[in-house]
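Student: I am new to this structure and would like a close look at a single part of it. Please pick one helix, and show how it sits among the rest.

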Amino acid sequence: MAASTMLKRLLNRGKSSQEVAEAPAEVDALASDDAVVTRTATPTTVIKPKRGAKSMRDSDIKDEMGRSAEQIAAEAAQEFDIDAVVRKAAAMPDAVVEKHIVKSPSVDAPKPTRLAQQQHSQTPASPAPASAPAPVATPSKPRISIAAGHIQLPSPSVEAIAQTRKARAAYWDAIGTSDIDFLGYPVSPQVLGMPAWPTQTQRFRVVRTENSLIIASEGLSDPFGAFDARAQAHGHGNGFGVEVFLEICGAQEMSADDIRKTWAFKAVEHVARIFAFGEDLSALVQNNDVLSVDLPSNCVPAGWIVPGVAEPAGALLNIGLPNGRSTFDGMPLGTVRAVPLTPIYPEELESCLIEGASERRALANDLLTTGIGHRMRTSRTSLR
């Protein structure tokens, strides 16, 4: 094909289909070096596009966002341009994750007015969603500290132990004069299988008044150690929350060596071990309940038990004390009750076992009204 013919076709390609439809015939004069050829185009049926329709060029193709193909290609090229991405990221502000970060108020933030504070205080707080569980306070666990390679186990604070012992001393000093030395053991009884006290310190205090001798436990109310499982049951407070004592009329001149050999010391020792063994007893005496307990024959005065006839003897616990003497003041970790131990005859114990709580309270009231009260008088007769 001659070059002139190809040039002609390229010039005519830009014509619209509408112009081609309106021309009934087209005469092309094609000049050549040899001849002139005249050609008449045969009319053809052309379908005219509907009004408003546009030709499908690249610039006319749109996506759902209204972007043309050329724009899509340009944006794709820009996204793959690393330099452009870096420049765009550098221009953006730092993101703040508010889901897990609680912003503290700015120093320059304006303070709320008094009216705004009143409105805030009067506006009831919106209730939490029913599906949201209430937060549970997790108790803090004691930690083991290591200093210079030495492992230090957690223990009650020195201040709590010191304040506890100071409160006990102040209580007894208001009643009488305490001996300097305590009645203790060469080896802690719990090592030998006896019930454990809150600490390994198990000892007894001797208090002398004008008319009586008092033997009292010294240590049932010490704070529990950090690893003691019983601390959870007693609220991590002052041990078992009790101290047991027995007051004997007319024995205030007895020496410490003689006291260790008496039935009275053995009775206090026996009942103290019961409180250390039975963890629910402290809760009962805190409610002012009067309890009864059996006592072995070596824990009551001679002649109180007649083998085969009247046995065993026992004791009432927690007979009412004068005002101001039922609890120890100044305890740092909880209430500690002073629990008196009052021996009773076998027939008195039997009536308590038969009648129950009402008889225990009645017997305690009879001891109080007769003037004996919680004190032990070896010369008294049975009230039942």
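Tutor: What follows looks at helix α12, then at the sheet beside it and at the salt bridges of the chain.

The model is a predicted one, so every value below is computed from predicted coordinates. The chain has 12 helices and 11 strands. Of its 384 residues, 31% count as buried. The accessible surface comes to about 25,700 Å², and carbon and sulfur atoms hold 56% of that.

Helix α12 runs over residues 357-369, which makes 13 residues. At 1.5 Å a residue these should span 18 Å, and the C-alpha atoms at the two ends are indeed 18 Å apart, so expectation and model agree. Which residues of α12 are buried? They are Glu359, Arg360, Leu363, Ala364 and Leu367. Looking down the axis of α12, these buried residues fall within an arc of 135°, so they line one face of the helix. The spacing has a general background: an α-helix has 3.6 residues a turn, so residues three or four places apart point the same way.

The cover over the buried residues of α12 includes three strands, β9 (291-294), β10 (314-317) and β11 (337-344), and also helix α11 (346-355). After α12 comes Gly371, which has a positive phi, near 90°.

The three covering strands belong to a wider arrangement. An open sheet is formed by 7 strands in the order β5-β6-β7-β8-β11-β10-β9, with mixed pairing. Its edge strands are β5 and β9, each of which pairs on one side only. Between β10 and β11 the pairing is antiparallel, over 4 bridges. One bridge joins Ala315 to its partner Pro343 in β11.

Helix α12 also takes part in a salt bridge: Asp366 meets Arg384, with the closest N and O atoms 2.9 Å apart. Asp366 lies in α12 and Arg384 in the segment after α12, so the pair ties together parts that are 18 residues apart in sequence. Asp366 has a relative accessible area of 28%; buried would require under 20% and exposed over 50%, so Asp366 counts as partly exposed. Arg384, at 36%, is partly exposed as well.

The count of salt bridges in the model is 11. Another of them joins Glu243 and Arg168, at 3.5 Å from N to O. This pair links distant parts of the chain, since Glu243 is in strand β8 (residues 242-249) and Arg168 is in helix α6 (residues 158-173), 75 residues apart. Glu243 is buried, with a relative accessible area of 1%, and Arg168 is buried too, at 0%. Both residues belong to a network of salt bridges that links Arg165, Arg168, Arg205, Glu218, Asp222 and Glu243.

A further salt bridge pairs Asp179 with Arg208, whose closest N and O atoms are 3.0 Å apart. Asp179 lies in the loop between β5 (177-178) and β6 (203-208), while Arg208 is in strand β6, so this pair ties together parts 29 residues apart in sequence. Arg208 is partly exposed, at 21% relative accessibility.

Links across the sequence also show in the contacts of the chain. Among contacts between residues at least 6 apart in sequence, 65% join residues at least 24 apart.

Key. Residues numbered from 1 in each chain as written. Predicted model: local features only at pLDDT ≥ 70, side-chain atom pairs only at ≥ 80, totals over all residues. Heavy atoms only, no water. Expected span 1.5 Å × (residues − 1). Buried < 20%, exposed > 50% of the residue type's maximum accessible area, 1.4 Å probe, protein only. Arc of directions from axis to C-beta. Contact = heavy atoms within 4.5 Å. Salt bridge = Lys/Arg side-chain N within 4 Å of Asp/Glu carboxyl O. Areas by Shrake-Rupley, 256 points an atom, 1.4 Å probe, with all protein chains shown as cover. Pairing = 2+ DSSP bridges.
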